[in-house]
Amino acid sequence: MLIVGGAALLSALLMLWASQSIAVAAGFAATAVLIASSMLVFRRLYPPQQPVSGGIDWSLTREAADNDGIAIAITDRVGRLVCANDLFGAWFQGFPTPPGLAVGQAGLSQLTAAGRDAWRDGRAEVDLVEFNGTRFSARILRSGQSEDHLLWRFRRHRTIDLRAEARRLIEGEGGDRLGEAGIMVALVGGEGRIRAANRAFVARAAGRADAPIEGRDFVTLLVSDREGVIRFAEEGGKGTALRLLQMPLEAGVIDSPTLLFLIDDEYAVSGRIGGPGGTGSHLQTLLSMLPLGLALTDRDGRFLFLNDAFARAAGLEEGVMPVYPGDLVVREDKAAVADTVRRFGAGQQALSGDIAVRLRNNPEEPVALTIAGARGLGEAAVLLSLKDSSEESKLKRQAEQATKMQAVGQLAGGVAHDFNNILTAIIGHSDLMLMRHAPGDSDYDDIQQIKSNSNRAASLTRQLLAFSRQQTLRPQVLQLPDVISEVSNLLKRLLGETVILNVSHGRNLGAVRADPGQLEQVIVNLVVNARDAMPQGGSVTIQTYAVPARDVRQMGSEILPIVDYTALKISDTGTGIAPELLPKIFEPFFTTKEVGKGTGLGLSTVYGIVKQSGGFIFADSRVGEGTSFIIYLPVHDAETIVETGPAPKVKQGELWGSGTILLVEDEDMVRAVAERALTRHGYTVLTASNGEEALEMLAQGMEIDLLISDVVMPTMDGPTMVRQARKTWPDLKILFMSGYAEEQLRKSIDLDRVAFLPKPFSVNQLAEAARAAIAPK
């Protein structure tokens, strides 16, 4: 306020000097004070907004995430857990940092690989991991303003909780409806205590409908006389006689919770099951409402009733009613089922029992059939229970398939790495020999043949790496019609004259991000397979079309994330694939072709390329009608990517160089051929067989212009050696070479200013890489 007054006084003096009028100067000063005071009051009432800091309010993020019903965790670029909602901590016992959850080795490997994929592609998914007996699926997204965080979303695979469902039924409207029909029902735990009961039961057993009854011993609520007639203890000896029907919730489980149904004797003997006006109609209503597969038979073992859940579990078509339970199982189990049902129907067995059977419609997987005696229900004498395990079996098969494919992928990647070392030596020695022979020499064609076959073998290793998703991709933003146009002439030559090629493109296709060369390989492999499936000729159709997110949502797929896709569909009119073979077609080395006509790597390569590109592939086939493959690639925003073209190819005359190169390679054959190749191109080459030896040579003060090193070596690997070396020589130029994929290695090598050369390589490729790495930037 003092500042305001001073400014006003100064303004008044200036105005007095200018106007030579005291009145004018005083009026101007009063006005200035009024305006300044008003501004001061306004600033106090409405303070200016402070700029938002660059930090993230994780408490707000966590509060919002807690309302989602999905376990969420956020990790940063260095793998630290920066935020997680309460559900994540509850599900995974604390707040472990993804992917390091206690989900077993297979699950950990899946999550780790998915995390790497998400950093590269922006998203990744894991179909199934298991934690403490609960199965989860995971979806990982790269997020944040700088895309420097990973968002981990875990969803629990929901299964039917029979105990919770039974409790909900008993205590809700279903229990009241049963009570109106004269049926009293209670859920009793294995220890004999009541866990839930409908109001009709509570009113009869405790004297009033609002009495506390949960936790009381069930047997203390009943009394029996010398004839074995059961009554409620609350009603005494003059109470109405009761009939008791028990039904265990979990087949084959000791001390399983049990549903107990009590029916007054006057209702129980009122007539046939399902008869008009009798209790049977009410009982059928009850059995139809329960999520359990339940059925009733008479004393002779004939079916009287079965609910929808039982029909689904038994694999019956809608409206089909078998005569005997034995009609549901394979021939070997018929006698056992019929004998057990007969004994329970005759009252020779007490309580209940279960037997393992194989259903006729699904003989591969045994199921448990629970059988219990039923009394006081007219013609109904035996209660059967069959659990619908189709979803559980599906999840089990998916988990087994995922584990198997992951193990095979790891094996394929390891084999490809070792094989690449051998091929590097073969190709390198072939190049060195070709330098000493001219075309027309007696040995020239033989050496050229060795090199040609070595390149074919290198192609096989690339297919193995493609299947294991470890190959080096050079993704670009592109349009699928452009890729198909580039390869269409080749496809026509491959198909020949007996197969017609049809190509159609949809409208409004979104751009995708993929390696165009690898995408062409996908199309060629699928078209060649289609041609081989049509020995008498036919047609192959290639279609592209847009699949917006709303259509994906309507599809209801549990695999496809709800985003926009561009789809590629390749269909043929060939012989088709048998249903039992369809789940195996993407496995490596699996082929239906004759011996010598297929490696079994074509479709596995397609699968690996599509998955590594962030897409999804599905196959649909009918024997005698043809096969269709549909590939979904997520639409990419081309404006967010600035593509850089390939480096200009070095001319043959520019491969010669000078300088000192330190070559570090643990494989003797690779080290020998690389040393000779570099020496022939003018370099001075020093060699070391491991990282420790290389560091000792550097410590001797040698002037090194370039360090060429293998990545994976015993005792000390290449990246560890380079980190140690750069502490003393920070400007040391590095060229890594490895049989593993560049993208996989760059995620594990946290080093800048390094070049990469994949194995196998030729002499010229090594010389080109060395010259490019050693040249001033």
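Buried means under 20% relative accessible area, exposed means over 50%, and partly exposed lies in between, with a 1.4 Å probe and protein chains only. The exercises below concern a predicted model, in which local features need pLDDT of at least 70, side-chain atom pairs count only at pLDDT 80 or more, and totals for chains, interfaces and linings use all residues. Residues are numbered from 1 along each chain as its sequence is written, and side-chain values use heavy atoms, with hydrogens and water left out.

**Exercise 1. An open sheet**

Find the order of the five strands in the open sheet, and state which strands stand at its edges.

Solution. Begin with the terms: helices (H or I, at least four residues) and strands (E, at least two) are DSSP runs numbered from the N terminus, and two strands pair if DSSP finds at least two bridges between them. Strands of a sheet pair through backbone hydrogen bonds, either parallel or antiparallel.

Step 1. The five strands follow the order 2-1-5-4-3, and their pairing is antiparallel.

Step 2. Strand 2 (81-84) and strand 3 (123-131) are at the edges with a single partner strand each, so one side of each has no neighbour in the sheet. From one strand to the next, the twist averages 20 degrees.

Step 3. Eight bridges join strand 4 (residues 134-143) to strand 5 (residues 149-156) in the antiparallel sense, and Arg-142 has Leu-150 in strand 5 as its bridge partner.

Step 4. Helix 5 (residues 104-121) packs on the sheet, where it touches strand 1 (71-76), strand 3, strand 4 and strand 5, and its direction makes about 165 degrees with that of strand 3. Here, contact means heavy atoms within 4.5 Å, while axes are lines fitted to C-alpha atoms, for helices over the stretch in contact, with angles that run from 0 to 180 degrees between N-to-C directions.

**Exercise 2. Three salt bridges**

For the salt bridges Arg-120 with Asp-117, Asp-176 with Arg-199, and Asp-217 with Arg-193, describe where the partners lie and whether they are buried or partly exposed.

Solution. A salt bridge is a side-chain nitrogen of Lys or Arg within 4 Å of a carboxyl oxygen of Asp or Glu, and the structure holds 22 of them.

Step 1. Arg-120 and Asp-117 meet through their side chains at 3.4 Å, N to O. They are three residues apart in helix 5, and about one helical turn therefore separates them. Both Arg-120 and Asp-117 are buried.

Step 2. Between Asp-176 and Arg-199, the closest N and O atoms are 2.5 Å apart. This pair links distant parts of the chain, since Asp-176 belongs to helix 7 (residues 173-180) and Arg-199 to helix 8 (residues 199-206), 23 residues apart. Asp-176 is partly exposed at 26% relative accessible area, and Arg-199 is partly exposed at 48%.

Step 3. The side chains of Asp-217 and Arg-193 meet at 3.5 Å, N to O. Asp-217 lies in the loop between helix 8 and strand 8 (222-224), and Arg-193 in the loop between strand 6 (183-188) and strand 7 (194-197), so the pair ties together parts that are 24 residues apart in sequence. Asp-217 is partly exposed, with a relative accessible area of 30%, and Arg-193 is partly exposed at 38%.

**Exercise 3. The largest nonpolar core**

Give the number of residues in the largest nonpolar core, and name the element that gives the most to it.

Solution. A nonpolar core is a set of buried Ala, Val, Leu, Ile, Met, Phe, Trp, Tyr and Cys residues joined through side-chain atoms within 4.5 Å.

Step 1. The largest core has 36 residues, and Ile-523, Val-540 and Ile-542 are those with the most contacts inside it.

Step 2. Among the elements that give two or more residues to this core are helix 15 (480-495), helix 16 (516-532) and strand 20 (538-547). Helix 16 contributes the most, with eight residues.

Step 3. Beyond its neighbours within four places in sequence, Val-540 is in contact with residues including Leu-495, Val-527 and Ile-570. A second, separate core of 22 residues includes Leu-328, Val-329, Leu-369 and Leu-384.

**Exercise 4. A residue of strand 9**

Determine whether Phe-232 is buried or exposed, and name residues that it touches.

Solution. Phe-232 lies in strand 9 (residues 230-232) and is buried, with a relative accessible area of 0%. Not counting residues up to four places away in sequence, Phe-232 touches several residues, among them Met-184, Phe-201 and Leu-242. Phe-232 and Leu-242 are ten residues apart in sequence, and their C-alpha atoms are 8.1 Å apart in space.
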